[in-house]
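The exercises below ask you to work through a structure step by step, with the sequence and the model open beside you. Try each task before reading its solution.

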Amino acid sequence: MKRVIKKVAVLGSGIMGSRIACHFANVGLEVVLLDIVPRELTKKEEASGKDLKDKAVRNRLVNDALKSTLKSSPSPIYSKSFVNRIVTGNFEDDMKLISNCDWVIEVVVERLDIKKIVFDQVEEFRKPGTLITSNTSGIPIHLMLEGRSEDFKKHFCGTHFFNPPRYLKLLEIIPTPETSKEVVDFFMDYGAKILGKTTVLCKDTPAFIANRVGVFSIQSLFHLVEEMDLTVEEVDKLTGPAMGRPKSATFRTCDVVGLDTLVHVANGVRENCPNDESKSVFEIPEYLNKMLENNWLGSKTKQGFYKKIKNEKGKSEILSLDLKTLEYKPKSKVKFPTLDMAKTIDNLPARTKVLYNGMDKAGEFYKKSFHGLFLYVTNRIPEISDELYRIDDALKAGFGWEIGAFESWDAIGVREVIKNLEANNTKPAAWVYEMLDAGIEKFYTIADGKKMYYDIPSKSYKIIPGQEGIIRLSNIGEDKIVWKNTGCTIKDIGDGILNIEFHSKMNTIGGDILNGLNKAIDLAESDYKGLVVSNEGQNFSAGANVGMIFMMAVEQEWDELNFAISTFQKTMGRMRFSSIPVVAAPHNMALGGGCELSMHCDKVVAHAELYMGLVEFGVGLIPGGGGTKEFALRLSDELNDGDMRINQFRNRFLTIGQAQVSTSAAEAFEKGYLRKGIDEIVVSRDHQLAHAKEACLALANKGYAQPIERKDIKVLGNEGMGIVYIGAHTMKSGHYISEHDALISEKLGYVLAGGDLSQITEVSEQYLLDMERKAFLELCQEKKTLERIQSIIQTGKILRN
């Protein structure tokens, strides 16, 4: 049976329910969002003469919850227009709507008695075969089956999303003994491919996998901070990006999640897992109990481990909590020799080994932290999972770890860790020794481009399932490397397609990458069918190397800078005018030059989480790598007459002039960075490269025709310039923008309008590129521009004046 999901019902509109509904809308589904009927009127409703029978009153709770969710930051929805896919209602009047739904997910309060009442209503209206799941995080899934029909039981399981559902990748699938295998297989596949999640199959045990191990890790740090006399700042410095964890690290993450939520999970594990050998770790430390008594729960109560205040000068300041005195104090700088040594190492596994082997207090912390984690996860098999990779997948997708527990152990060395554990009179589970006795030294290996894990029952490696249709550059062997330099690597990804990936800091585009892009085109034109531009870094590309631009400008090396800009433009031109198709696969940040690169490719296969924009205005420049030209070209293709034409020009100008960045790929279409009917969105990051490769092959196989330079670009000339100049003068006169901002605006408007032309005129791409480059160079000679660029280099923040 081929199962298709077109419409989903979400029962419960609280924080999770509304956000889950938004994510279903994100992927194109129709959504029915229902909640309870209010039992009394608000004062506003009473004053307006409404009663409890009024539809607006009966749907007030669900509508207010959805409105509140849509105001939250970061946004739960890809585009405001997607909200139209959500229909709201209430349990009493609208439960019948679920009869047309393919999936019903329950997200009501965590009380089994209430969930059973909801399921009674579901049974009344649900059509046979409809999927039914619960998003519970704490109630055993099997307890919800009491009194349910056979068809309900067969199609029921747990589907545990992590908050916020749009951004956290984890989706835990928890079947019961009654759940059909077809249903489990469907959710594992659908969650990965359509919802863009890392789907992890879990056993029906307390806290499932991610929270069981993740909260253990946090709890162990709560105790370790006392044992080692560490401060809040020290722990967050040690447990953040240095070890491949989120910037929020430990205590800031606790503030965001809420201390009450973490304590609830910890207490649940302690009470429901009496045989857990580390049960004492889930005991709540005294300082945490006092914080709960004081209602210092984190962000929700505006203070937790951190507190934001206004100091004597009226400026915002973040204070940290002294865990001994429970008083807030100014944050202090943290410095450890081990961290200084590790920060120069980009490769996380290599850095992890250095952190573990540190000889100072930081090194001691890492040893104790890793040892506790490693012991715990070995003892959780087979209790919470039969396969070790599921634990790593859950931690990475649910808690934002870049490498999981077993991957970290591999990085340090399995035998080395065991030697140190035994020196401390502790041992991992027996199966780890059996693995080593079988001649297997690591938990993972790579074979034929596929990641394999150690399978405990067979004492051998097995392929991690679900890798079909996925291409991971990190799994491709060195024999597939066609060419590389310090900035990028070109790999053969099969079927006549090359891929070029970047390796610079934040994948900024400098000379090495420009050389690599040209080399990739040369190679593909000679011996291959096409080229894909993608990478596995945190960002696609943060743009051009502004440090290089700054140095040339400071040294007044104008000829060299002109040559560098020309080289960038010509390289972007090769992306557009080569004899083979070029497909970009951007994700996360694609800013400045990264956006320009994408805009010059034949097709963009964008990840749904795409923050794309031409942001050069923020550093006192205009897009100089073909971005301004490309906006003029796209404006030409959509031009209408009269007022519409003026509005279209203004919108394009403001997109660049305000350095607008999309908050999703859907919004990138709305801002004009992506092209309707040409570019596409993929929700699954794991499947993005494979889709990009397929798109490149499709372009090549249908007979790719090499594009030619456009010479029919209609520009507005003085008509467009007049709009810009009047607007800039008005804004400057009103002190809304600086004189320097007005100058940048005029330069941008001049290029976008095609210069001083008396009427609408057709010009060539090269004509616009020359204007663009000239304006870029002139702005580089402005003192205020150099100050802004220097500010970016030194602080990462844009200086506005």
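## Exercise 1: A buried arginine and its partner

Arg-212 counts as buried, its relative accessibility being 0%. The model is a predicted one, and the task is to find which residue forms a salt bridge with Arg-212 and where the two partners lie.

**Solution.** Begin with the partner: Arg-212 forms a salt bridge with Glu-383, and the closest N and O atoms are 2.9 Å apart. Next, place both residues: Arg-212 is in helix H9 (residues 210-227), whereas Glu-383 is in the loop between helix H16 (361-379) and helix H17 (388-399), so that the pair links distant parts of the chain, 171 residues apart. Then compare the exposure of the partner, for Glu-383 has a relative accessible area of 29% and is partly exposed. Finally, widen the view to the network of salt bridges in which Arg-212, Asp-276, Glu-277, Arg-380 and Glu-383 are linked.

## Exercise 2: Two further salt bridges

The structure holds 58 salt bridges; for the one between Glu-407 and Lys-396, state which helices are tied together.

**Solution.** The closest N and O atoms of Glu-407 and Lys-396 are 3.0 Å apart. Because Glu-407 lies in helix H18 (residues 405-412) and Lys-396 in helix H17, the salt bridge ties together parts that are 11 residues apart in sequence. As for exposure, Glu-407 is buried at a relative accessible area of 12%, while Lys-396, at 24%, is partly exposed.

Now repeat the steps for Glu-441, which forms a salt bridge with Arg-415 at 2.8 Å between the closest N and O atoms. Glu-441 lies in the loop between helix H20 (430-437) and strand E12 (444-447) and Arg-415 in helix H19 (residues 414-423), so this pair ties together parts that are 26 residues apart in sequence. Glu-441 is partly exposed at 36% relative accessibility, and Arg-415 is likewise partly exposed, at 45%.

## Exercise 3: A charged patch

Which residues form a negative surface patch, and where is the place of Glu-557?

**Solution.** The patch is formed by Glu-555, Glu-557, Asp-559 and Glu-560. Of these, Glu-557 is found in the loop between helix H22 (546-554) and helix H23 (558-577). Glu-557 has a relative accessible area of 32%, which makes this residue partly exposed.

## Exercise 4: The whole chain

What radius of gyration does the chain have, and what would a compact globule have?

**Solution.** For 801 residues a compact globule would have a radius of gyration near 28 Å, and the 29 Å of the chain agrees with that. Among the 801 residues, 55% count as buried, and the chain contains 32 helices and 25 strands.

Terms used. Residues are numbered from 1 along each chain as its sequence is written. This is a predicted model: local features need pLDDT of at least 70, side-chain atom pairs count only at pLDDT 80 or more; totals for chains, interfaces and linings use all residues. Side-chain values use heavy atoms; hydrogens and water are left out. Patches are made of residues with over 30% relative accessible area and no salt bridge: like charges are joined within 9 Å, nonpolar side chains (Val, Leu, Ile, Met, Phe, Trp, Tyr) within 5 Å. Accessible areas come from the Shrake-Rupley method with a 1.4 Å probe; for residues, only the protein chains shown count as cover. A salt bridge is a side-chain nitrogen of Lys or Arg within 4 Å of a carboxyl oxygen of Asp or Glu. Lys and Arg count as positive and Asp and Glu as negative; His and the chain ends are not counted. The place of a charge is taken as NZ of Lys, CZ of Arg, CG of Asp or CD of Glu. Helices (H or I, at least four residues) and strands (E, at least two) are DSSP runs, numbered from the N terminus. Buried means under 20% relative accessible area, exposed over 50%, partly exposed in between (1.4 Å probe, protein chains only). The radius of gyration is taken over C-alpha atoms; the globule rule is 2.2 Å times the number of residues to the power 0.38.
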